[in-house]
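Trainee: Got a minute to go through this model with me? I'd like to start with the overall make-up of one region and then move to the strands.

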Amino acid sequence: MIKQARVTQTFLDYVQIDSETHFEREMTARLVADLEALGLPVTTDEAGKAAGSDGANVYCHLEGDPNSDCILFSAHMDTVTPGKGVRPQIRDGYIYSDGTTILGADDKSGIAAILEALRTLLESGVPHRPMDILFTIREEGGLNGSANVDYGRLKAKYGVVLDASNDVGKIVSSAPGQIRIYADIYGRKAHAGSDPEKGVSAIQAAAVAVSRMRLQRIDEETTANIGTLSCVGETNVVQDHVTFAAETRSKSPEKRKAQANHMVACLQEACDALGARLEYRLHHSYQSYGFPDDHPHVRRLMDACRRTGVEPWTTYTGGGTDGNNFNAHGIETVVLACGMEHEHTTQERIAIRNLVDASQVVYQLMLPDT
């Protein structure tokens, strides 16, 4: 069955491979080599060119029991910064970095669990369902790798993405979609001391607009946030250009659209009132999804957790994953927690127990329908 020492070593090996988002080439090569070493057919794509990466998405398909649905297992290979030179350390049953970098459990814990389940399955020789394995690039910062997957290569009807915090057993069965708002506000320069009335302050227009926006928590399923509001200049000049970038997320497409329109309207009204000019664009980053607890795929995951000795529970998250894009392409996908804690920080850690549990759940999901 699942070998704790092996999955732990696999994870330790992977986190020591630098793969900050945009720079996943070495991790791509390692995953290709590891899958080929198992005798499996492996392909890559050209997604890096479109997604802004030196790596590629990695695909592997295994035929299996024709009476069972094909299932997709996926995790992303990129990390946030600072992710170069990770030096993992084991203390009290947990794996940490040395405190100067992130650990990379987000999301190399998911990759390690999938590889360990595959190794165990192939060693056992037991029948298994058809499956697609997909490791993506550039998930961090916009789900760019999965947005550029060649979906014609995938046969799966259902999918499991291993990419959530908390103990194994947590199933993210619904998640929001996201709209990003990018804007430029143009005013008119003037000397701030001698002729300020001849100027139109882009900063003032932006400030008025932001003061009128509903932001942060809008309701139980809708949020909004400004990430960039930027203008750098001298105090003796009425500044004529501000850049603005923001987002809104909601499980409801209608609420998501309404919040984006509200934020744009605030920008436009402020610019009109002060004589500034607005240029903007909306980017629909990913769509929301949601499955009830009695959905067959959710029940399948819950049963696999229980067979492993893990008590499952379903939840809604405010974040997006590659699962959003898989659902948008017709692969009914939920997200399974794989034990990462304090991800995106230098305090990130994972319990070795969770690496083992995640591997066991994936192994159970690989078995044919009974």
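Trainee: What are the helix and strand shares over residues 179-271, and how far apart are the end C-alpha atoms?
Mentor: That stretch is 31% helix and 38% strand, with the end C-alpha atoms 22 Å apart. Helices (H or I, at least four residues) and strands (E, at least two) are DSSP runs, numbered from the N terminus. This is a predicted model, where local features need pLDDT of at least 70 and side-chain atom pairs count only at pLDDT 80 or more, while totals for chains, interfaces and linings use all residues. Residues are numbered from 1 along each chain as its sequence is written, and side-chain values use heavy atoms, with hydrogens and water left out.

Trainee: Which UniProt annotation covers residues 179-271?
Mentor: The unreviewed entry gives "domain: Peptidase M20 dimerisation". UniProt positions are in the numbering used here, feature names are shortened, and annotations may be inferred rather than shown by experiment.

Trainee: New topic. Is β3 buried or exposed?
Mentor: Six of the six residues of β3 (residues 71-76) are buried, so the strand is largely enclosed by the rest of the structure. Buried means under 20% relative accessible area, exposed over 50%, partly exposed in between (1.4 Å probe, protein chains only). Ile-71, Phe-73 and Ala-75 are on one side, and Leu-72, Ser-74 and His-76 are on the other.

Trainee: Which strands pair with β3?
Mentor: β6 (residues 131-136) does, parallel, over six bridges, with Ala-75 opposite Phe-135. β7 (residues 158-162) also runs parallel to β3, joined by four bridges, and there Ser-74 stands opposite Val-161. Pairing requires that DSSP finds at least two bridges between two strands.

Trainee: And β7, why is it largely enclosed?
Mentor: Five of the five residues of β7 are buried, so the rest of the structure largely encloses it. Tyr-158, Val-160 and Leu-162 point one way, and Gly-159 and Val-161 the other. β7 also pairs in the parallel sense with β18 (residues 332-336) over five bridges, where Val-160 has Val-334 as its bridge partner.

Trainee: Which residues touch the most other members of the largest nonpolar core?
Mentor: Phe-73 and Phe-135, in a core of 81 residues. A nonpolar core is a set of buried Ala, Val, Leu, Ile, Met, Phe, Trp, Tyr and Cys residues joined through side-chain atoms within 4.5 Å. Another core, of 23 residues, lies apart from it and includes Ile-181 and Phe-244.
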